[in-house]
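Q: Could you take me through the main nonpolar core of this protein, and what surrounds it? I'd enjoy a close look with the cut-offs spelled out.

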Amino acid sequence: MYDVQKLREDFPILQREVYGKPLVYLDNAATTQKPLCVLDAMREEYLNVNANVHRGVHYLSQQATDLHEAAREKVRAFVNARKTEEIVFTRGTTEAINLVAQTFCESQMQAGDEVLVTDMEHHSNIVPWQLQAQKRGIVVRHLPITDDGCLVCRDSVAAYMTERTRLVSLAHVSNVLGTVNPVKDIIRLAHEHGIPVLVDAAQSAPHMKIDVQDLDCDFLAFSGHKMYGPTGIGVLYGKEEWLDRLPPYQGGGEMIDKVSWEKTTFERPPLKFEAGTPDYVATHGLATAIDYLNSVGLDSIEAHEQELTRYCMEQLQTIDGMTIYGPRLVVGGSAANKDAVVSFNVGSIHHLDMGTLLDRLGIAVRTGHHCAHPLMDRLGVTGTVRASFALYNTKEEIDALVAGIRRVVQMF
């Protein structure tokens, strides 16, 4: 049985009040709350194991190194990578994508070569490529989406790949629409044309099982803070052959083999991409968060959140003037086309007004463009209200959201 009330006990912040009202936290696509086990693990390491990793022969350094590399193995198993050498620690999804954008464009692309993204991307999967376009003259092209927030069909995707396409980079799940993209099919299609694929898994890693070998993606990025772990830590998975081919991202300590005035040689991946002191306490926190997710069960989490998504959409549609963006939740087999995110507007009420007034009722939602300006332009809006769900959310909280929206509508 999925005991959501029992799980909520692991997150003391959910018991607090805001403006005298019980907190209803529905901003999980921005960041999730942290269970006590993650906070305790990080506190324990700072209190008893704090020492720089990889560089010391003394006991504390070796113990900290063991925890850090155990975290790498934990991440490897979480995404089913072949080797720990394919797991690079970053500060988050954004840095992971920037790492690929800079090193891939430097070594694999020339002026006029193309990277293909989609109309539903987060800015972190748009701006890094635009920076490379300004610097190196590459071309950023984008796959269109349908009116209900899905990617175009397979044949149309193929039509957007040209002889100059060098990389496809797309979100697994949209942070605005909740659309679950058919990344496995797109990866297979891209590989038929000899094109590697980067998957932004920031919005999928906390909600569903990811198997990079099954997907056959070349790169995959996600963040710790969206999956019940600490901020400032993330992961780039890269196939070993690709990480070997890419140049270093930054220079400094740790990533070198030997430095002389004449020449510097570099470590092999993943250390080649991890210059400087890593956040070894955060990696331990991330590993603990993965243990927590595994203990609850990602299949159970996905089923719970899909039920919340379905229930939320059903209840919101009873409100006059309601517009919900993205696909309707359709579950087929073991997959669904929408997950854990519902974005909406009500009549002519500005999204900022709606979010501000809901906040006074203790309901935390996200408002604005959600770091997706091109998608807002495609939808023809300046912004939306976004409710996003986590393993600890309940139908009662959705009822509170719906009641809050009705109250705001009455005010207008």
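A: The largest nonpolar core has 70 residues, and those that touch the most other members are Phe 78, Val 168, Leu 220, Phe 222 and Leu 391. A nonpolar core here is a set of buried Ala, Val, Leu, Ile, Met, Phe, Trp, Tyr and Cys residues joined through side-chain atoms within 4.5 Å. Buried means under 20% relative accessible area, exposed means over 50%, and partly exposed is in between (1.4 Å probe, protein chains only). The most generous contributor is helix α10 (residues 280–296), which gives ten residues to this core. Helices (H or I, at least four residues) and strands (E, at least two) are DSSP runs, numbered from the N terminus. Apart from this core lies another, of 27 residues, including Val 24, Ile 319, Ile 349 and Leu 401.

Please keep in mind that this is a predicted model, in which local features need pLDDT of at least 70 and side-chain atom pairs count only at pLDDT 80 or more, while totals for chains, interfaces and linings use all residues. Residues are numbered from 1 along each chain as its sequence is written, and side-chain values use heavy atoms, with hydrogens and water left out.

Now to Leu 391. Not counting residues up to four places away in sequence, Leu 391 touches Tyr 2, Val 4, Leu 7, Phe 11, Tyr 228, Tyr 292, Leu 293, Ile 301, His 304 and Glu 305; contact means heavy atoms within 4.5 Å.

Three of those partners, Ile 301, His 304 and Glu 305, are among the buried residues of α11. Other buried residues there include Leu 298, Leu 308, Cys 312 and Leu 316. Helix α11 (residues 298–316) has 19 residues and reaches 26 Å from its first C-alpha to its last, close to the 27 Å expected at 1.5 Å a residue. That expected span is 1.5 Å times one less than the number of residues.

Back to α10, and its neighbour α3. The axes of helix α3 (residues 59–79) and α10 come within 8 Å and cross at roughly 40°. That angle makes α3 oblique to α10, because angles under 35 degrees count as roughly parallel, over 145 as roughly antiparallel, 65 to 115 as roughly perpendicular and the rest as oblique. Axes are lines fitted to C-alpha atoms, for helices over the stretch in contact, and angles run from 0 to 180 degrees between N-to-C directions. On the α3 side, the residues that meet α10 are Leu 67, His 68, Ala 71, Lys 74, Val 75 and Phe 78. Their partners in α10 include Leu 286, Ala 287, Ile 290 and Leu 293.

Tyr 228, another partner of Leu 391, sits in the loop between β9 (219–223) and β10 (234–238). Tyr 228 counts as buried, at 0% relative accessibility, and has a positive phi of about 75° although it is not a glycine.

Tyr 228 is also touched by Gln 33, whose other contacts include Phe 11, Ile 13, Leu 14, Tyr 25 and Tyr 392, not counting residues up to four places away in sequence. Gln 33 lies in the loop between β3 (24–25) and α2 (36–48) and is buried, with a relative accessible area of 13%.

One last loop leads back to α10: Pro 270 lies between β12 (264–266) and that helix. The peptide bond from Pro 269 to Pro 270 is cis, with omega near 5°.
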